[in-house]
Amino acid sequence: MSPIRTLCRAGGDIAWQRFTPKHVKPGTAPLLLIHGFACGKEDWGAVPRIVGTKAQREVISFDNRGIGHSTHPSGSYSVEQMTNDACGVLHAAGVDKACVLGISLGGMIAQKLALDHPERVCSLIIGCSSHGGREATPLPAAFLELCQSWAAHAEPNESTLISDFMKLMLPAAFLDTPAGQKLFVKFEQAFLSTRRTSSGLQ
């Protein structure tokens, strides 16, 4: 991975990184990764390296505003603002057009990016996300309550709710085996390496 770079914007700075494999297939568009709520570029783990190497393409990831090395401005963040951040990252990276992969909240940002800036998106991959609107399946109330309680904690990464949040992202039977329990501990340790603040999560 390249060193962390910073895109300076009026609404706050956005931290981003680029993985460039040894061999890049000529004419192949980079892949832009957009993560979900409370997750940053480090939470992709080995995905940029594995996908970039196998697909022989550059992979760009970034911390959404309020997460990780990006600034944590006060006030609510709209999908439109976060879409502009993503577009700004492409501009800062010198990328005219990218394949875009977004998960969860990142999937909503990715869809908005494709709608508002179709000239910047050559393909779109949406994972565990929603298009919103009247026909969308709403998030469970218990999940939203958990997120609100976690976000209200003065130091989110020290909250006992973080394990509950992470377990909701895993298959129900994941912790039923010793291997799953061991992997969860590593998963949690890696997850805690991303900086989170109450204002950023709220």
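This is a short tutorial dialogue on reading features of a predicted model.

Q: How is the packing of two helices described?
A: Two numbers do it: the angle between the helix axes and the distance between those axes. Here, take H2, residues 79–92, and H3, residues 105–116. They pack at an angle of about 70°, and their axes are 9 Å apart.

Q: Which word fits the orientation of H2 to H3?
A: Roughly perpendicular, because angles of 65 to 115 degrees count as such, and H2 and H3 pack at about 70°.

Q: Which residues make the contact between H2 and H3?
A: On the H2 side they are Val79, Glu80, Met82, Thr83, Ala86, Cys87 and Leu90. H3 brings Leu105, Met108, Ile109, Lys112 and Leu113.

Q: How do the residues of the contact of H2 with H3 divide?
A: Nine are nonpolar, one is polar and two are charged.

Q: Now the rings. How many aromatic pairs does the count come to?
A: Eight. One of the pairs is Trp150 with Phe165. Their ring centres lie 4.6 Å apart, with 35° between the planes. That pair is tilted, because stacked needs planes under 30 degrees apart and edge-to-face needs over 60.

Q: Where do Trp150 and Phe165 lie along the chain?
A: Trp150 is in helix H4, residues 141–151. Phe165 is in helix H5, residues 161–167. The two are 15 residues apart, and the pair links distant parts of the chain.

Q: Trp150: buried or exposed?
A: Buried, at 0% relative accessibility. Its partner Phe165 has a relative accessible area of 2% and is buried as well. Both count as buried because the cut-off is under 20%.

Q: Which residues form the aromatic cluster?
A: Phe37, Phe143, Trp150, Phe165, Phe184, Phe187 and Phe191 form one cluster.

Q: What can be said of Phe143, a residue of helix H4?
A: Phe143 is partly exposed, with a relative accessible area of 23%. Setting aside residues up to four places away in sequence, Phe143 touches Phe165 and Leu168. Glu58 gives a long-range distance: 85 residues away along the chain, with 34 Å between the C-alpha atoms of Phe143 and Glu58.

Q: What does Leu146 touch?
A: Beyond residues up to four places away in sequence, Leu146 touches Leu161, Asp164, Phe165 and Leu168. Leu146 also lies in helix H4. At 11% relative accessibility, Leu146 counts as buried. From Leu146 to Ile103 the C-alpha distance is 19 Å, across 43 residues of sequence.

Q: Where does a charged end sit over a ring?
A: The charged end of Arg65 sits over the ring of Tyr77, 5.8 Å from the ring centre. Arg196 does so over Phe191, at 3.7 Å. Phe191 is also in the aromatic cluster.

Q: What sign of phi do most residues other than glycine have?
A: Negative. Ala38 has a positive phi of about 70°, although it is not a glycine. Gln56 is not a glycine either, and has a positive phi of about 55°.

Q: Where do Ala38 and Gln56 lie?
A: Ala38 is in the loop between strand S3 (31–34) and helix H1 (47–55). Gln56 is in the loop between H1 and strand S4 (59–62). Ala38 is buried, at 3% relative accessibility. Gln56 is partly exposed, at 30%.

Q: Which residues is Ala15 in contact with?
A: Leave aside neighbours within four places in sequence. Ala15 is then in contact with Ile4, Arg5, Thr6, Lys41, Phe62, Asp63, His69 and Ser70. Ala15 lies in strand S2, residues 14–19. At 1% relative accessibility, Ala15 counts as buried. Arg5 is ten residues from Ala15 in sequence, and their C-alpha atoms are 5.6 Å apart.

Q: Where is Met1 found, and what is Met1 in contact with?
A: Met1 is in the segment before strand S1 (5–7). Neighbours within four places aside, Met1 is in contact with Gln17, Arg18, Phe19, Pro48 and Ser61. Val59 is 58 residues away along the chain, yet the C-alpha atoms of Met1 and Val59 are separated by 9.2 Å.

How values were computed:
Residues are numbered from 1 along each chain as its sequence is written. This is a predicted model: local features need pLDDT of at least 70, side-chain atom pairs count only at pLDDT 80 or more; totals for chains, interfaces and linings use all residues. Side-chain values use heavy atoms; hydrogens and water are left out. Axes are lines fitted to C-alpha atoms, for helices over the stretch in contact, and angles run from 0 to 180 degrees between N-to-C directions. Helices (H or I, at least four residues) and strands (E, at least two) are DSSP runs, numbered from the N terminus. Contact means heavy atoms within 4.5 Å. Ala, Val, Leu, Ile, Met, Phe, Trp, Tyr, Cys and Pro count as nonpolar, Asp, Glu, Lys and Arg as charged, and the others, Gly among them, as polar. Rings of Phe, Tyr and Trp (its six-membered ring) pair if their centres lie within 6.5 Å; planes under 30 degrees apart count as stacked, over 60 as edge-to-face and the rest as tilted. Buried means under 20% relative accessible area, exposed over 50%, partly exposed in between (1.4 Å probe, protein chains only). A charge sits over a ring if NZ of Lys or CZ of Arg is within 6 Å of the ring centre and within 35 degrees of the ring normal.
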